[in-house]
Structures are given as C-alpha cells and as structure tokens.
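Could you walk me through this structure, one selection at a time? I have the viewer open and would like to know what to click on next.

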Amino acid sequence: AAATTFFDSNKELKSLLGYHTMMKSTVQKAFSMSRNVARGRSFPAVQTYTTKTEDVRVGPGVPPEEMPFHHFRVPFKEESTGKPKRVKFNSPRKKANKMFALIQDEAMNKAKEANPDVHDVHFRVGDAIEMTMVTEGGVDSSQTEKIRGVVLGMDKRGLGTGIYLRDVVFGEPVDRKIPLYSPLLKKIEVLEENFVFKKKRKVKRAKLYYLRDRMAIETRVTKW
C-alpha cells in the first residue's frame, strides 16, 4: 500500500531499486580502490582469463595468482596434461586445526624416517612382540629394557598412537600402554604371529580386551 502511494507503477519502483543497487556497488568499488591506494598497491591493466566455461574478467586490484585463498580454476596449465590445474580451496576459517594436522603429519614422518626399526616392523593384533625401551638417562642412553607381551589393541591418535600389551610376569598379569612415536622406543621385534590362537584361526577383532577375563596362561609371553 505504501508503494502505491509514492509511486504510480511498479516500473518506477523497479527503476529506483536498480539505481540504488548500482550506486551501492559503485561506492563499494570506490572504497576498495581507495583502500588499495592507501596500502600502496598498484592497479594493473584489465586482464581476461579463459576458463573451461566462460571468460573471467579481472579488474584493478590483486591478481588471482597472488590471492592466498581462491576456489576457481587457475588459468595456468600443467605441462604434462595440458589441462588447467585445480587448486583446492583453503578456507580461512578454522585454520588452527588444519595447521595442527600439518605439523603433526610432519612430526610423524620425521619419526618414521629417524626410527625405521620401530615403524617398519609389521605386526597385528594378537601377535607376541618384544619392545626395547630406554629406562633412564634420556633418549641417547644405553640403559634399555626389553618388554614383551601380546598386542591387545591399538589407539591410532596421530602422535598419541599407543599399543596395548599384556603379559604375565611372576604369575601376575601386567597391562601396559606404550606410545608408538615415543623417542624412548628403540626397537620392535615380532616373536610369534597369531600368538593368541596359535595360527589355528585368524584374529578377526581389532581389540582383544576379553583376554583379560581369561586364564593368565593365554597371554603369557615371558617364561618366568
């Protein structure tokens, strides 16, 4: 009702709204250009990039290759395929968890390269293994201890990955959780594969916690 009071027809109302939108975009462009001038940025000539669907016209401002975050097709082509290279869009939001994941992956790769006696050994749940760990004196100490047991399960949590071992020492069951990426862990050796079932059948579970309720002799690896 208010629109019919001030305007004779919908045509005049549409024209006024279009003029308002045009003025708003013009003011925004002028503000961005003044901000770039204040920051000392130059204004390159208008460039046209050809993509798969249509031409993208880039005006004055920061060129696309210098933008830290973009999710459009990069106009530069790879030499091998000749197709435009697609760059994954890295959202500026929630960057902390992504940075932490990258740092964690780098630390895990360095640990694997530095200690192949631990990370290159293949073992499964239900195997009997022997671990050599430093007891005291620091990482470079020669005072080590050998720990044996049956692998009851694994917790894969990046650098916090741990192995659950169970053994019987002097008649008493002992459960341990040993961090796999610890610098104190020097060596892993597989004593017997499928120690739980003696290779009569496969281990089809990821966790063998039920062995804690069984007889102690079933998980006894150490002979004393």
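Here is a tour in six stops, from the whole chain to single residues.

**Stop 1: the whole chain.** Before you start, keep in mind that this is a predicted model. Colour the chain by secondary structure, and you can look for four helices and seven strands. Following the sequence from its start, the elements come in the pattern α-α-β-β-α-α-β-β-β-β-β. Of the 224 residues in the chain, 25% are buried.

**Stop 2: the sheet.** Now select the strands β3 to β7. How are the five strands of the open sheet ordered? Going across the sheet, you meet β6-β5-β4-β3-β7, and the pairing is antiparallel. Look at the two edges next: β6 (172-179) and β7 (185-192) stand there, and each has a single partner strand, so one side of each has no neighbour in the sheet. Tilt the view as well, since neighbouring strands of this sheet are turned by 40° against each other on average, with direction ignored. As background, strands of a sheet pair through backbone hydrogen bonds, in either a parallel or an antiparallel way.

**Stop 3: one strand pair and its loop.** Zoom in on β3 and β4, an antiparallel pair joined by seven bridges. Select Glu 130, and then find Arg 148 of β4 standing opposite. Next, go to the loop between β3 (128-134) and β4 (144-155), where you will find Asp 140. Is Asp 140 buried or exposed? Its relative accessibility is 78%, and because the cut-off for exposed is over 50%, Asp 140 counts as exposed. Add Leu 184 to your selection: Asp 140 and Leu 184 are 44 residues apart in sequence, and their C-alpha atoms are 8.6 Å apart in space.

**Stop 4: the largest pocket.** Here is the idea behind this stop: rolling a probe the size of a water molecule over the atoms shows where empty space is left. The largest pocket holds about 210 Å³ of space. To see its lining, select Met 108, Lys 112, Val 118, His 119, Val 121, Phe 123, Met 154, Lys 156, Thr 161, Leu 180 and Tyr 181. Which helices each supply at least two residues of this lining? They are α3 (95-114) and α4 (116-119). If you colour the lining by class, you get seven nonpolar, two polar and two charged residues.

**Stop 5: between two helices.** Select Asn 115, which sits in the loop between α3 and α4. With a relative accessibility of 17%, Asn 115 counts as buried, because the cut-off is under 20%. Show the side chain too: one of the polar atoms of the Asn 115 side chain lies 2.8 Å from the backbone oxygen of Leu 185.

**Stop 6: after the last strand.** Finish in the segment after β7, starting with Asn 194. Although Asn 194 is not a glycine, its phi is positive, at about 50°. Asn 194 is buried, with a relative accessible area of 13%. Move on to Lys 198, also found in the segment after β7. Lys 198 is not a glycine either, yet its phi is positive at about 55°. Its relative accessibility is 44%, so Lys 198 counts as partly exposed. Your final selection is Thr 219, in the segment after β7. Thr 219 has 0% relative accessibility, so it counts as buried. Show Arg 166 as well, and you can trace a polar contact of 3.5 Å between the side chains of Thr 219 and Arg 166.

Conventions:
Residues numbered from 1 in each chain as written. Predicted model: local features only at pLDDT ≥ 70, side-chain atom pairs only at ≥ 80, totals over all residues. Heavy atoms only, no water. 1 Å grid on protein atoms, 1.4 Å probe; cavity = no way out; pocket = protein on both sides within 12 Å on 5 of 7 lines; lining within 4 Å. Points joined across faces, edges and corners; volume = space filled by probe spheres on them. Nonpolar A, V, L, I, M, F, W, Y, C, P; charged D, E, K, R; others polar. Buried < 20%, exposed > 50% of the residue type's maximum accessible area, 1.4 Å probe, protein only. Pairing = 2+ DSSP bridges. Axes fitted to C-alpha atoms, helices over the stretch in contact; angles between N-to-C directions. Polar contact = N/O pair within 3.5 Å; in protein donor to acceptor, adjacent residues only side chain to side chain.
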